[in-house]
Each structure stands twice: as structure tokens, then as C-alpha cells.
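Dear colleague,

I am handing over the structure that we spoke about, and it is placed directly below this paragraph. Please look through it before you read my notes.

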Amino acid sequence: MAPRELVLMTDHSSTEGSREMLVTAARTLTGRDPVQMDARHFMTGGNGRITADGDGLLLEAGQLTVTTDTVLVYEIPPHRRRHFEDCQRLLRAHGARSLGTDGQAWRAATEKDRTTECFVRDGIAHMPTVAFSRPTANEAAEAFDRLGRDVWARPTIGMGGHDVFHITTHPQLTAAARHYATAGEDWLISRDAANFLPDGRRHQYRVVVLGGRVLRAVEHIQPDPDAPCNESRGAVSTLLHEEDLPTGLAELAISATKSLGLPFAGVDLAAESGGVVFEVNVHPMFGTVRGLETVAMPYTAAHLQPA
């Protein structure tokens, strides 16, 4: 019997760039390209179909029909993930070999208020946080005062450090609240972690975890203390060896992924304030320096191992 196809399912409208690296990883590991399918066909209102096919499954989208038992899911933007949950349920129901079928775990990581609830439940160290949905001016101000008047505000669902603000004054808080109200977004504020280097630059770490082990560790250094530590916002990234991480951060990253129910994730965290997690990313970017070897290939290989 000919081997079944390996399917790579991503949102083809995304410009993040992970798809190309996963194609290379699959080609390197299997000797052939995966079948690429646009995840938008399988979102709410799409024309994609998933049905059983013997001990595998049949995926249909437009003119493309594929028989498979393995589906790599990646590069699904945060704001589209709820629309992808029916597809996840069907993939799981039909026994697809995939790390991307747990919609509830995705929600827990994508919606930052849920992330905080999981961390509180499981004792995962994080900065004190208050979530808002259309707060009054007094509610926002009281929370801001309670958190020490030095906080970071961010949308409940977001990516790339966009719409994230460092707030130290009531006028800044008012401006942020107005911004989120205009955008129709829920948001939250978290106490600043004081994650500074001696020269005043911000720094934090991204630790990518797969199956309870660290695949990749990166330090992000941000010269602007009022900007988030994202490369897209000016931070510089340096690849580290796992042993170069501050003591306890690898274990904290692994615990954070387990708290949310994710087998694979990228964890943003800092060593200051006793070691704290900022957020957990369902689909972390692989990175241009050794991203193929350190993340894309292990992630792909995890789908090819015998069940």
C-alpha cells in the first residue's frame, strides 16, 4: 500500500512565514512535500469536509481531496482559532495524528484571561493580573492603583506585541481604555515584572516546549523599556543553550504548557520577580537562526512517530 499523504494545514492568508519552513522540514524527514491545505476551508462557513476513510480520514476542500492519517496544524492566527474548533473536533474524532486538535487548550492559551485563570488554579508563577470587559473608568483606575500603578496593558486576544502599552499614569490608562473600547476588545493589565538588565534594557526569554522537554531557548533584549520584547517591536533575539537559562525557567515553561493542556508551545517568561510567565503561544515563530533544526523538524517528527 502506498504511504498516505502528510497534510500541512495552515491559514494561507497568514504572512507569518512558518508554512515554508514546515514544508522544508517535512521534505527533509519524509523525502517528499506535504500536501498543503488552507485551514480557512475548514473554519466556520468554509466548504471543507472531513470524513472517515478506513482507519484514516478523507479531507476535501475545493478541488483537492486527500486521504491521510496525519495532519500538521500551524499558523492559525489567534482571532481565527475559535472558528477552527469544529475542524479540531472532527480531526480528533477521526483519530488524526496531530498535535493541533485540542480546541480547549488553544482557548486557554489564546484568550489571556483564561490563561490567568489556569495559572492561578495550578500555581504557575505570573504577575498579578486583572482582566476587563468594558470597565468603567473607576473600575480600571482601582485595578491600576491596586497593581501599583506600573502595569502592562494588552488585548485579551492578540499577537506580535501589537496594541500593548506600558502604563504608569492615569492619563495613559484612560488612553489605553479608550483604545480598546474603540477597537471593541477585551483587555487586561498586569503588574510590571521589572525585568531589566543592569543597563536599563528590558529582557525576557522565549522557551519552546514539546512533550515536556525544551526544544529552543531565546533571550529577547529590548532597548526601549516601554515597548514589549518582540522582535517586531525592536527587540534583539539571541539563541541560547538550555543550560544558559536562569535556574528554574525551563521547568517553569514546561509547567506552564502542562497547565494549559498544550503538548507544544512557546512560553514567554522572565527570571525577575522570582521567575514569572507572561504568556504561552500556541504557534510560536520558529526563528530565522536554526529554527528549522531546533523547532520545525522536531515538531514535524512528532507527528511521524508510531502511535
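What follows is a short account of the chain as a whole, then of a group of aromatic residues, and then of one aspartate.

Please keep in mind throughout that this is a predicted model. The protein chain is made up of 8 helices and 14 strands. Its radius of gyration is 20 Å, close to the 19 Å that the globule rule gives for 307 residues, and therefore the chain is as compact as a globular protein of that length. Taken along the principal axes, the C-alpha atoms fill a box of roughly 65 × 45 × 30 Å, and 50% of the 307 residues count as buried. When one considers the contacts between residues at least 6 apart in sequence, 63% of them join residues at least 24 apart.

As for the surface, the protein chain exposes about 14,200 Å², of which carbon and sulfur atoms supply 51%. The chain carries 30 positive and 39 negative charges, and the mean positions of these two sets are 3 Å apart.

The aromatic residues deserve a separate paragraph. The count comes to 8 aromatic pairs, one of which is formed by Tyr74 and Phe264, a tilted pair with 6.1 Å from centre to centre and 55° between the planes. Tyr74 lies in the loop between β5 (64–73) and α2 (85–93), whereas Phe264 belongs to strand β13 (residues 264–270), so the pair ties together parts that are 190 residues apart in sequence. Tyr74 is buried, with a relative accessible area of 0%, and Phe264 is likewise buried, with a relative accessible area of 4%; both values fall under the 20% that serves as the cut-off for a buried residue. Together with Phe286 and Tyr299, Tyr74 and Phe264 form one aromatic cluster.

The last residue that I looked at is Asp163, which is found in the loop between β7 (151–155) and β8 (165–167). Is Asp163 buried or exposed? Neither term applies, because its relative accessibility is 30% and Asp163 therefore counts as partly exposed. Leaving aside residues up to four places away in sequence, Asp163 touches Ala153, Arg154, Pro155, His179, Tyr180 and Glu185. Among these neighbours, Tyr180 is 17 residues away from Asp163 in sequence, and the two are 8.4 Å apart in space when taken from C-alpha to C-alpha.

With best regards

Note on methods:
Residues numbered from 1 in each chain as written. Predicted model: local features only at pLDDT ≥ 70, side-chain atom pairs only at ≥ 80, totals over all residues. Heavy atoms only, no water. Helix = DSSP H or I, 4+ residues; strand = E, 2+ residues; numbered from the N terminus. Rg over C-alpha atoms; globule rule 2.2 N^0.38 Å. Buried < 20%, exposed > 50% of the residue type's maximum accessible area, 1.4 Å probe, protein only. Contact = heavy atoms within 4.5 Å. Areas by Shrake-Rupley, 256 points an atom, 1.4 Å probe, with all protein chains shown as cover. Lys, Arg positive; Asp, Glu negative; His and termini not counted. Charge placed at Lys NZ, Arg CZ, Asp CG, Glu CD. Phe/Tyr/Trp six-rings, centres within 6.5 Å; stacked < 30°, edge-to-face > 60°.
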